[in-house]
Amino acid sequence: YLQLPADLTKMHLTDNPHPQVTHVPSSQSGCSIASDSGSSSLSDIYQATESEMGDVDLTGLPEAPVDSEDEEEEEDEDIDRTSDPLLGRDVVRECLEKEPADKTDDDIEQLLEFMHQLPAFANMTMSVRRELCSVMIFEVVEQAGAIILEDGQELDSWYVILNGTVEISYPDGKSESLCMGNSFGITPSLEKQYMNGVVRTKVDDCQFVCIAQQDYWRILNHVEKNTHKVEEEGEIVMVKEHRELDRSGTRKGHIVIKATPERLIMHLIEEHSIVDPTYIEDFLLTYRTFLTSPLEVGNKLLEWFTVDSLRDKVTRVVLLWVNNHFNDFEGDPAMTRFLEEFEKNLEDTKMKGHLRLLNIACAAKAKWRQITLQKPSRDSPLFFSLLGGSNKGFGIFVETVETGSKAAEAGLKRGDQV
C-alpha cells in the first residue's frame, strides 16, 4: 500500500478528473443559477430535445409492427446479456491482455473504471491511476500452490491481485493472505529490494497486474513533483495537483485533491483554475460526507457576505446551492432561517438582481405540499400573516409565521405561496 503521511490521514479525498470543461457563454451572468456540472431537470432536457426535433414529417415511411412478443423476449435477452457482470470482466480482460504499446485511450478508460474500485489504488489520484493502467502487464498463474516469489528474491515489479488469493509465508513462521485488490512487491524506489517471505497461490486461476519498478517509481515520483502543498501553522491543510487537460498547454492548472474540511470550505470563495471549474458544484454535492451540518458552510457564507470583495462570490455559491440542492433548505428549519437571513442581507445591500435570482430559484425548486392547521374556535388567532392578492397585483404569500406556534409546527413557512 502507499501509506499517506500522518499529517494527511485526516484529509478527505475530493479527486475529480474533470476531463471536460464546460464553456459558459459570455452572455451568462457570473451569478447564474445554472449549474456547470449538469444539474438540469428532466423537463429542461425534454424541452431542449423537443425544440431540436421540431415538427418532423413522418409521412411516406413504411409502417412496421412494434412491441411484438418475440421482440420483447429478444430485448429481455439483450438486457440480461448486457447486465451480466462477467461480460464487463471479459471486456476488461481483453484490454489487460494487450501489450502496453497497443492499448488505446478507450482501453485505458475501461481499465481505469475497473481499477479505481480496488483498495491498492484507493489513495492514488486519477492521473496516477491512468498512468499505471497504461503500463500494467497482465499475468495468470493457473495452478494453486505455485510459488510466485521466493524468500530473498530480488523484486522488480509491483503486483495487484485481480482474482484469487495468495499467501505470504514469512521466515518467522507467520503467514498472511491477500485477496482481490491487495498488492505486494516493491515500494516506489529505484533501490534494490528483496522479498521477505515466500509468495504462493492458494487457489487456481490467480490473476495479477504487474507494473515494472522503473515505471512505478517514475509515475509516483512525477506526481509528487506535480503536487503543491499548502501549510498553515506548520501543518499541511491542502494538497493540489497540477494537471493539463490537453496537449496545447493552454488548459492547465492546479486541482484540489485533498484538504481539511475547513480548507475545503475556504476554497469556495477562492479563485478556481481552468482545470477545476466545477469545484463549487462538486463541494455542494459531496460536503455531506465530511461535514456534520450544512450550517458549518452557511454560517461561514454569512460571515463572508459582510466583506465587500467576497459578496458576489458568496452569492454565487448560495444561488448554486439553492438551485441544485433545494432539499437542504426545505427540509431543515435551521437552513430555512439561514436562507431568510441571506435574503434580508441581499435586501439591505440593495442587490436586487441577485435577490430576484434567489426568488426565481426558490419558486422553481419548491414542492407543492398540503398543510392542515386546526383551530379550536373560529376566533382563534392564525399565528401567521398573509401578503398580496388581486389588489396588490400578485399572488398570496405567507409574510410571517410566529416562531413555535401551531402554524410553524404544521410546516408553514415565510415565503409560501397559497
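**View 1. Where helix 9 meets helix 12 in this predicted model.** On the helix 9 side, the residues touching helix 12 are Leu-295, Gly-298, Leu-301, Leu-302 and Phe-305. Facing them from helix 12 are Ala-334, Met-335, Phe-338, Glu-341, Phe-342, Asn-345 and Leu-346. Sort the residues of this contact by type and you get 9 nonpolar, 2 polar and 1 charged.

**View 2. How helix 9 and helix 12 lie against each other.** Here we zoom out to take in helix 9, residues 295–305, and helix 12, residues 333–348. Their axes are 11 Å apart and make an angle of about 15°. Angles under 35 degrees count as roughly parallel, so that is the label for helix 9 and helix 12. As for handedness, helix 9 passes helix 12 in a left-handed crossing.

**View 3. An open sheet of 4 strands.** Read across the sheet and the strands come in the order 2-9-4-7, with antiparallel pairing. Strand 2 (137–141) and strand 7 (183–185) sit at the edges. Each of these two has a single partner strand, so one side of each has no neighbour in the sheet. Going from one strand to the next, the twist averages 30°.

**View 4. Strand 4 alongside strand 9.** Now for a closer look at one pair from that sheet: strand 4 covers residues 157–163, and strand 9 covers residues 206–212. The two run antiparallel and are joined by 6 bridges. To pick out one bridge pair, find Ile-161, then look across to its partner in strand 9, Phe-208.

Notes. Residues are numbered from 1 along each chain as its sequence is written. This is a predicted model: local features need pLDDT of at least 70, side-chain atom pairs count only at pLDDT 80 or more; totals for chains, interfaces and linings use all residues. Side-chain values use heavy atoms; hydrogens and water are left out. Two strands pair if DSSP finds at least two bridges between them. Axes are lines fitted to C-alpha atoms, for helices over the stretch in contact, and angles run from 0 to 180 degrees between N-to-C directions. Angles under 35 degrees count as roughly parallel, over 145 as roughly antiparallel, 65 to 115 as roughly perpendicular and the rest as oblique. A crossing is left-handed if the near helix is turned anticlockwise from the far one by less than a right angle, and right-handed if clockwise. Contact means heavy atoms within 4.5 Å. Ala, Val, Leu, Ile, Met, Phe, Trp, Tyr, Cys and Pro count as nonpolar, Asp, Glu, Lys and Arg as charged, and the others, Gly among them, as polar.
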